[in-house]
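Welcome, and thank you for opening your viewer. Keep the sequence panel beside the model, and we will go from stop to stop together.

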Amino acid sequence: MSEPRCAQTVLVTGGCGMTGRALIAMLQASGAQVHCLDLQPYPDASVQSFVGDVRDADLAALACSGVETVHHTIAIVSQHPNKAELIDADLDLRRDMRSV
């Protein structure tokens, strides 16, 4: 029996991290077209990379263009000195992405 194919376009934030890379590989194997929004370019040219800070509203909107699903895999390091500020920014981002 073959795996079901996915014809969706999806965005993975934090796609260059451990979880993001594994998720992107699974999505590509299922036939999805993948966008990646991260601080560094995704190493595979078949993934459309959007490089920059996920808190940049214009960049996030551009990365979401034509996307049907967003997988938000960005991690916040627990020892980060501005952890509370980053959590607030993360919540704002999630709210903003729902409205795109």
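Two strands count as paired if DSSP finds at least two bridges between them. Helices (H or I, at least four residues) and strands (E, at least two) are DSSP runs, numbered from the N terminus. This is a predicted model, in which local features need pLDDT of at least 70 and side-chain atom pairs count only at pLDDT 80 or more, while totals for chains, interfaces and linings use all residues. Residues are numbered from 1 along each chain as its sequence is written, and side-chain values use heavy atoms, with hydrogens and water left out.

**The whole chain**

Start with a cartoon view. You should find 3 helices and 4 strands, following the pattern β-α-β-β-α-β-α along the sequence. Now colour by pLDDT, the predictor's confidence in each residue, from 0 to 100. The mean for the protein is 82, and 68% of its residues reach 70 or more. Confidence is highest in S3, at 97, and lowest in helix H3 (residues 83-98), at a mean of 61. Where pLDDT is low, the predicted coordinates should not be read in detail.

**The sheet**

Next, select the strands. In what order do the 4 strands lie in the sheet? The order is S3-S2-S1-S4, in an open sheet with parallel pairing. Its edge strands, S3 (48-51) and S4 (69-72), each pair on one side only. From one strand to the next, the twist averages 20 degrees; angles run from 0 to 180 degrees between N-to-C directions, and axes are lines fitted to C-alpha atoms, for helices over the stretch in contact.

Zoom in on S2 (residues 33-38), which is joined to S3 by 4 bridges. Pick Asp38 and look across to S3, where Val51 is its bridge partner. On the pairing between S1 and S2 there are 5 bridges, again parallel, and here Val10 stands opposite Val34 in S2.

**Strand S1**

Select residues 9-13, strand S1. Is S1 mostly buried or exposed? Buried means under 20% relative accessible area, exposed over 50%, and partly exposed in between (1.4 Å probe, protein chains only). In S1, 5 of the 5 residues are buried, so the strand is largely enclosed by the rest of the structure. Thr9, Leu11 and Thr13 lie on one side, with Val10 and Val12 on the other. In a regular strand the side chains alternate between the two faces of the sheet.

**Helix H1**

Now select residues 18-29. Helix H1 lies across S1, S2 and S4, running at about 170 degrees to S1. Show the side chains of Gly20, Leu23, Ile24 and Leu27, which are buried. Seen down the axis of H1, these buried residues fall within an arc of 100 degrees (taken from the directions from the helix axis to the C-beta atoms), so they line one face of the helix. They pack against S1, S2 and S4, where contact means heavy atoms within 4.5 Å. Turn to the face pointing away from the buried side to find the exposed residues Met18, Met26 and Ala29. Just after H1 comes Gly31, with a positive phi near 100 degrees.

**Pro43**

For the last stop, select Pro43 in the loop between S2 and S3. Pro43 is exposed, with a relative accessible area of 73%. Add Cys16 to the selection: the two C-alpha atoms are separated by 8.2 Å, although the residues are 27 apart along the chain.
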